[in-house]
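This report describes a single protein chain for a reader who has the coordinates at hand. It proceeds from the whole chain to individual elements and residues.

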Amino acid sequence: MRLLNLFKIAFKAIILNKMRTLLTMLGIIIGVASVIAMLAIGEGSKDSIRSTISSMGSNMITIRPGADMRGGVRQERSVMESLTLNDYKAIKQQADLLTYITPMVNGGGQVINGSNNWPSTIYGVNPDYLNIKMIDLQSGSMFTDAEVQSASKVVLIGQTVVDNVFPDGEDPVGKMIRFNSIPFKVIGVLEEKGENTFGQDQDDVVIAPYTTVQKRILAIDHLNQVIASAISEEDAPDAVTQVSEILRSQHKLTDNQDDDFNVRSMEELISTFSATSEMLTILLVAVAGISLLIGGIGIMNIMYVSVKERTKEIGLRMAVGGKGSDILMQFLIEAILISITGGLLGVILGLGSTVFIEKFLHWPTNVALYSIIISFAVCAVTGIFFGWYPARKAAALDPITALRYE
């Protein structure tokens, strides 16, 4: 009953000073809402990054030439010719943790259809490419292994290329186009994928057999890269290790020699971007947390003012038998009620903010339950921590001095 009475007294004191209480809560409300919204944006961006990268092939493993020193000058990976068809064949034969694998060569040029032309990139691959990159066909079909072996002049094109070189809406399948000066027959159109996380248009592509691109477009016999797909995401790290061992053996590298190639999985890329996103989220939450601190200081200041204003009331309560612990509890309960009420309003505002951000700003958000729990817990701790000292000061007042206070 004593505790219930203290709650009633604290509640009445808060109701009597509505505007002051609301202004006191403001820092807490903004702080909690900011923490929830910032964490939701951070979690949403991480989920978006993981989803986008996974859509490029979550099990994908990329093998590229490594940088090297030649004549004391470090060469760029793009000019290195250390990745060959023999490397691709060795990986295909020996790596049992891979499901699909394709060599890749690529180059830029102009796609031409009559008077229409468009600058694009041609990728030379084998039929496994679509499975690795998780790309579907909108129409037509993929070229066959036989067409790869014979270096056939056939291509698949993305929707961006279609829109620019077939602007009249005609079906490109079966039509002839040129890439630079080489004629190709369009045998398929890729399903539209849009831009990826890096702002790259995934539909601005031309896909042809790698043998055709090597011989007729680039006139090279090495590979720009090899891409493969691991059996599962869980097997990707082991697949990376396996591929590295095969290539070290292929290139006859000794134990004290560095790799002249790079093998990376999409999981590494996801982890890198997630770590960056997480760091930014922590910084944003730290800034938002300052609002909670300011809100706590506001509670302490208001409680100090309240103690001063109610000094005579405190003296009267103590004179009629009220204990110091009762006075302490009364003011502490006031501080906690202000803090928790502000926290509840902050949670509502924070959830509303995430809905607004996602609906009108089109930013991905994901409200994590832990963000609400942590914010609410911080509110309770803030109320206790910043309310305790003024409450203790009130409890320590001398009854006679308090009654004479003007």
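The sections below treat the overall model, the nonpolar cores, one helix, and a set of individual residues.

**Overall model and confidence**

The structure is a predicted model. The average pLDDT of the chain is 83, and 88% of the residues score at least 70. Over residues 69-74, however, the pLDDT is below 50, and beyond near neighbours in sequence this stretch has 6 contacts in the model.

The chain comprises 13 helices and 12 strands. Of its 406 residues, 46% count as buried. About 20,700 Å² of the chain is exposed, and carbon and sulfur atoms supply 58% of that area. Among contacts in the chain with a separation of 6 or more, 77% are made by residues 24 or more positions apart.

**Nonpolar cores**

The largest nonpolar core has 62 residues, and I63, I91, L98, F143, I157 and F184 have the most contacts inside it. Apart from this core lies another, of 24 residues, which includes I14, V32, I299 and I327.

F184 illustrates the surroundings of one member of the largest core. Not counting residues up to four places away in sequence, F184 touches I122, K153, V154, V155, K175, M176, I177, F179, A208, T212 and I217.

**Helix α8**

Helix α8 covers residues 236-250, which is 15 residues. At 1.5 Å a residue, the expected span is 21 Å; the end C-alpha atoms are 21 Å apart, so the expectation and the model agree. The buried residues in α8 are A236, A239, V240, Q242, V243, S244, I246, L247 and R248. An α-helix has 3.6 residues a turn, so residues three or four places apart point the same way. K252 follows α8 and has a positive phi, near 55°.

**Strand β4 and the loop after β8**

Q110 is located in strand β4, which spans residues 98-113. With a relative accessible area of 26%, Q110 is partly exposed, because the partly exposed class lies between 20% and 50%. Leaving aside residues up to four places away in sequence, Q110 touches N117, W118, P119, R178, F179 and N180. The side chains of Q110 and N117 are joined by a polar contact of 2.7 Å.

One of the residues that Q110 touches is N180, which lies in the loop between β8 (176-179) and β9 (182-190). N180 has a positive phi of about 60° although it is not a glycine. Its relative accessibility is 36%, and N180 therefore counts as partly exposed.

A151 also has a positive phi, of about 55°, and is not a glycine. This residue occupies the loop between α5 (145-149) and β7 (154-157). In contrast to a partly exposed position, A151 counts as buried, at 5% relative accessibility.

**Helices α9, α11 and α12**

Which residues does S339 touch, not counting residues up to four places away in sequence? S339 itself is found in helix α11 (residues 324-361), and is buried, with a relative accessible area of 0%. The residues touched by S339 are I28, I299, C379, A380, T382 and G383. I299 is also among the residues of the 24-residue core.

A377 belongs to helix α12, residues 369-395. Its relative accessible area is 40%, so A377 is partly exposed. V305, in helix α9 (residues 266-309), is likewise partly exposed, with a relative accessible area of 37%.

**Pairs distant in sequence**

The table lists residue pairs by separation along the chain and by C-alpha distance.

| Pair | Separation in sequence | C-alpha to C-alpha distance |
|---|---|---|
| Q110 and R178 | 68 residues | 7.9 Å |
| A377 and I340 | 37 residues | 8.9 Å |
| V305 and P390 | 85 residues | 9.0 Å |

For the pair Q110 and R178, the model also shows a contact, since R178 is among the residues that Q110 touches, with contact meaning heavy atoms within 4.5 Å. The C-alpha atoms of A377 and I340 are 8.9 Å apart, with A377 in α12. The C-alpha atoms of V305 and P390 are separated by 9.0 Å, with V305 in α9.

How values were computed: Residues are numbered from 1 along each chain as its sequence is written. This is a predicted model: local features need pLDDT of at least 70, side-chain atom pairs count only at pLDDT 80 or more; totals for chains, interfaces and linings use all residues. Side-chain values use heavy atoms; hydrogens and water are left out. pLDDT is the predictor's confidence in each residue, from 0 to 100. Helices (H or I, at least four residues) and strands (E, at least two) are DSSP runs, numbered from the N terminus. The expected span of a helix is 1.5 Å times one less than its number of residues. Buried means under 20% relative accessible area, exposed over 50%, partly exposed in between (1.4 Å probe, protein chains only). A polar contact is a pair of N or O atoms within 3.5 Å; within protein, one must be able to donate a hydrogen and the other to accept it, and residues adjacent in sequence count only if both atoms are side-chain atoms. A nonpolar core is a set of buried Ala, Val, Leu, Ile, Met, Phe, Trp, Tyr and Cys residues joined through side-chain atoms within 4.5 Å. Accessible areas come from the Shrake-Rupley method with a 1.4 Å probe; for residues, only the protein chains shown count as cover.
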